[in-house]
Amino acid sequence: MRLRSLGIALATAAALVTLPSQLPAAAADAPLSQGKTATSSSDENAGTPAAGAVDGDTATRWSSGRTDTQWLQVDLGTSATLSKVVLNWEAAYGKAYKIQVSDDGSSWTDLKSVTGGDGGTDTLDVSGQGRYVRMQGVTRATEYGYSLWEFQVFGTSGNPPAATCSTANAAKGKPATASSTENAGTPAASAFDGDNGTRWSSQASDPQWVRVDLGSVQDICKVDLNWEAAYGKDFTVQASADGQSWTTLKSVTNGTGGTASYDVSGSGRYVRINGTARGTGYGYSLWEVAVHTGTGGSTPPIEGGGDLGPNVIVVDPSTPNLQGKFDQVFAQQESAQFGSGRYQFLLKPGTYNGINAQLGFYTSISGLGLNPDDVKINGDITVDAGWFNGNATQNFWRSAENLSLKPVNGTDRWAVAQAAPFRRIHVEGGLNLAPAGYGWASGGYIADSKIDGTVGPYSQQQWYTRDSSVGGWTNGVWNMTFSGVQGAPATNFDTGPYTTLDTTPVSREKPFLYLDGNDYKVFVPGKRTNARGVSWPANAGGTSLPLSRFYVVKPGATAATINAALDQGLNLLFTPGVYHLDRTINVNRADTVVLGLGLATIIPDNGVDALHVGDVDGVKLAGFLIDAGATKSDTLLQVGGAGASADHAADPTTVQDVFVRIGGAGPGLATHSMVVNSDDVIVDHTWIWRADHGEGVGWETNRADYGLEVNGDDVLTTGLFVEHFNKYDVVWSGERGRTIFFQNEKAYDVPNAAAVTHDGIVGYAAYKVADSVSTHEAWGLGSYCNFTSDSSIVQHHGFQVPVKSGIKLHSIQVISLGGKGQYAHVVNDTGAPTSGSDTIPSKITSFP
């Protein structure tokens, strides 16, 4: 945003701060490594031998000589199947290192590579087998060597047992579907009910299929078929992990019907009998299909639930030195804009007195009640800009959620910029959105909140508030947009900054973690239509999911394990941390929840995409950051595959507080940032940002051509922030799309007008609706330019849309920030140009 400084001081002593840890990450069982023979490349002295890291005593340690290529290895005594490695670092930790395994202690295989380590306790999920396990240092974080209080290896001793084929029918009673049914009395489910007196039968045509969902990916070793008289002559037995891509396990030609068993070898969650040629003039008809799965040699199922890791800090009103815990994290995170620290405070229900929780970067605070008033703070949650000389335009990546506040002086201060949601909060007083001193501010987002007093934006340039209640709203600078907000000011965009919609057409609040007694659960709010005001305390239509139905993802988890958990039917709860992934996370099950705590950050390595969602109902993505890797990815986040067309109106997928960053923390590259192909998706608060400051920033260094691309129909975005892309920031090709609030800056670093000239136009529009679209509507739109590399550039327009009766834009503006470049028009060839160095908007109240 405006007036950002490139000289940002990052905290350098983060790794030496001991942070509170309420829930230890170590597994309950004794590690295989404890008490076993350990050796090392070197020991710092006789008092820190290798054995000190495997003795189960956290008061003893191993430390190495002062060079990078040092190692510690343990001999487990026999081969073991490995599942987890836990490293408890002393202050001299490894910034980059590998976990390796060997059968003989000489030939090593990498199980895990860690970069950007920040010390403390690292819990790494691994998959491999061997007798020797080694930490191979690559880069030290300090001038000292490597130092480990404990090096723990978990798994199962001995070679895995030989696989056997179960006699049990894994398909019995599981959900089944078919290409067709002959009539209502012969449904797909009848072929999987264990009853040879009921059957599935299809229509009389080729091809036809019936399939079953086993509920998780399993090793499949045998399939039994019991045909009725209308049998399949030619057919295949197929398996799939996602229900879309199929592998043939068995091909049968010239079948004769009756009963038959087929030994197969493969894995999948879905099994399908795919008929290509019937044996009679009727359809296909099966009394029963039985699926047998491997046991003994298969990978054990991934367990749901468990602890929340070392960077989740759970407190209650009696927690000693609670203010000190908040202060300690804030001291580390206040200015760590591109640091690796990630923290989540969780407050148990109760009353907290005299608290001021200051929130720095990558810090979240949430109540653990089912309703906000279950957690009462007589005090403040504060975001200010002292670290940046009173300028709040870089107060990104933090959040507050699901609690109530009674500010000490009557008004709470929440001076934030982008990616800093304020959700589901009851403020028993007022809310000040500006920093102390009322310097620059550029936010922001409020949802599902009740502010009893007045909200004062003051210097805030733009803000979006949804489905909330306010006691009043004092002012605004450029763009204050409201939907479904009780107490919001009336629309006045001719002479003021206000755009107000009485209701929000479709919304669903973000899932959140809460305590039911002593049990963690995730509450998933229901869909609301034409909402106005907060969703609580009724919480109508919502559902609760126990933590046991979530794979609790911790730093070091592999993409393979994450995908296996998804295939098994688990949801994902990412604990605070940075996750490097060597393959795409694939979410293909309807109603899957992927929830992040503490701005958990996903980084795709080696050019892979970060996350793909199938064209399925009701997936909920919420509360995490995708950071582009140094090797160009094609698409960082994709919702629905190309050509997706299923109707999800009854149960839409939601993307909430999911942020995308290209560059800033280091070089990052992507062609497409977020692509929405599915219909009916709700994107509720996102900041898609090609960095304009930080590390790895330059026109080609962190190149990303497109921000948000919408190809699905009936997609709604509420609170859309997209900035600085090399080409279009938003391209909308789906029908009946709607946007409520859009904030944009064009790329600062455009080298010259020629670099962005296309089709005879200078500059790519910030928000483009494709010429093929017939119906589209948007409210509260702003695009700003700040061409610092060439201030002579005149961007042709901020917005480009086809001129059709179904295309409607309301409250649109463009602004030149301090005269660094100009706009010739607002929309297409309409609207007055910006001029001079004053930041005075050029506006259009409605278009056409």
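This is a short conversation about how contacts in a predicted model get their names.

Biologist: What are the ground rules for numbering and for local features?

Modeller: Residues are numbered from 1 along each chain as its sequence is written, and side-chain values use heavy atoms, with hydrogens and water left out. Because this is a predicted model, local features need pLDDT of at least 70 and side-chain atom pairs count only at pLDDT 80 or more, while totals for chains, interfaces and linings use all residues.

Biologist: What makes Cys-165 and Cys-221 a disulfide?

Modeller: The rule asks for a pair of cysteine sulfur atoms within 2.5 Å. The sulfur atoms of Cys-165 and Cys-221 are 1.9 Å apart, so the rule is met. The count by this rule is one disulfide. A disulfide is a covalent bond between the sulfur atoms of two cysteines.

Biologist: Why is the disulfide of Cys-165 and Cys-221 called right-handed?

Modeller: The torsion about its S-S bond is about 90°, so the disulfide is right-handed.

Biologist: Where in the chain do Cys-165 and Cys-221 lie?

Modeller: Cys-165 is in strand E8 (residues 164-165) and Cys-221 is in strand E11 (residues 208-227). They are 56 residues apart, and the pair links distant parts of the chain. Strands are DSSP runs of E, at least two residues long, numbered from the N terminus.

Biologist: Are Cys-165 and Cys-221 buried or exposed?

Modeller: Buried means under 20% relative accessible area, exposed means over 50%, and partly exposed is in between (1.4 Å probe, protein chains only). Cys-221 has 14%, so Cys-221 is buried. Cys-165 has 35%, so Cys-165 is partly exposed. Cys-785 is also worth a look: at 0%, Cys-785 is buried.

Biologist: How do you know that Asp-502 and Arg-532 form a salt bridge?

Modeller: A salt bridge needs a side-chain nitrogen of Lys or Arg within 4 Å of a carboxyl oxygen of Asp or Glu. Here the N to O distance is 3.1 Å, so Asp-502 and Arg-532 qualify. Asp-502 sits in the loop between strand E29 (498-501) and strand E30 (504-508). Arg-532 sits in the loop between strand E33 (527-531) and E34, 30 residues apart from Asp-502. With 51%, Asp-502 is exposed. With 36%, Arg-532 is partly exposed.

Biologist: What makes Asp-591 and Lys-620 a salt bridge?

Modeller: The closest N and O atoms of Asp-591 and Lys-620 are 3.4 Å apart, so this pair passes too. Asp-591 lies in the loop between strand E38 (585-587) and strand E39 (593-604), and Lys-620 lies in strand E41 (residues 620-627). Asp-591 is partly exposed at 33%. Lys-620 is buried at 6%.

Biologist: How many salt bridges does the rule give?

Modeller: The count is 29 salt bridges. Another of them joins Arg-583 to Asp-582, with the closest N and O atoms 3.7 Å apart.

Biologist: Why is the ring pair of Phe-361 and Trp-387 called edge-to-face?

Modeller: Rings of Phe, Tyr and Trp (its six-membered ring) pair if their centres lie within 6.5 Å; planes under 30 degrees apart are stacked, over 60 edge-to-face, and the rest tilted. Phe-361 and Trp-387 have centres 5.4 Å apart and planes at 80°, so the pair is edge-to-face. Both Phe-361 and Trp-387 are buried.

Biologist: Why is the pair of Phe-396 and Trp-687 called tilted?

Modeller: The ring centres of Phe-396 and Trp-687 are 4.5 Å apart and their planes are at 50°, so the pair is tilted. Phe-396 lies in the loop between E20 and E21 and Trp-687 in strand E45 (residues 682-690), so the pair ties together parts 291 residues apart in sequence. Phe-396 is buried at 0%. Trp-687 is buried at 0% as well. The structure holds 33 aromatic pairs.

Biologist: How do you know that the charged end of Arg-661 sits over the ring of Trp-397?

Modeller: The rule wants NZ of Lys or CZ of Arg within 6 Å of the ring centre and within 35 degrees of the ring normal. The charged end of Arg-661 is 4.6 Å from the centre of the Trp-397 ring and is counted as sitting over that ring. The charged end of Arg-134 sits over the ring of Trp-71, 5.7 Å from its centre.

Conventions
Helices (H or I, at least four residues) and strands (E, at least two) are DSSP runs, numbered from the N terminus.
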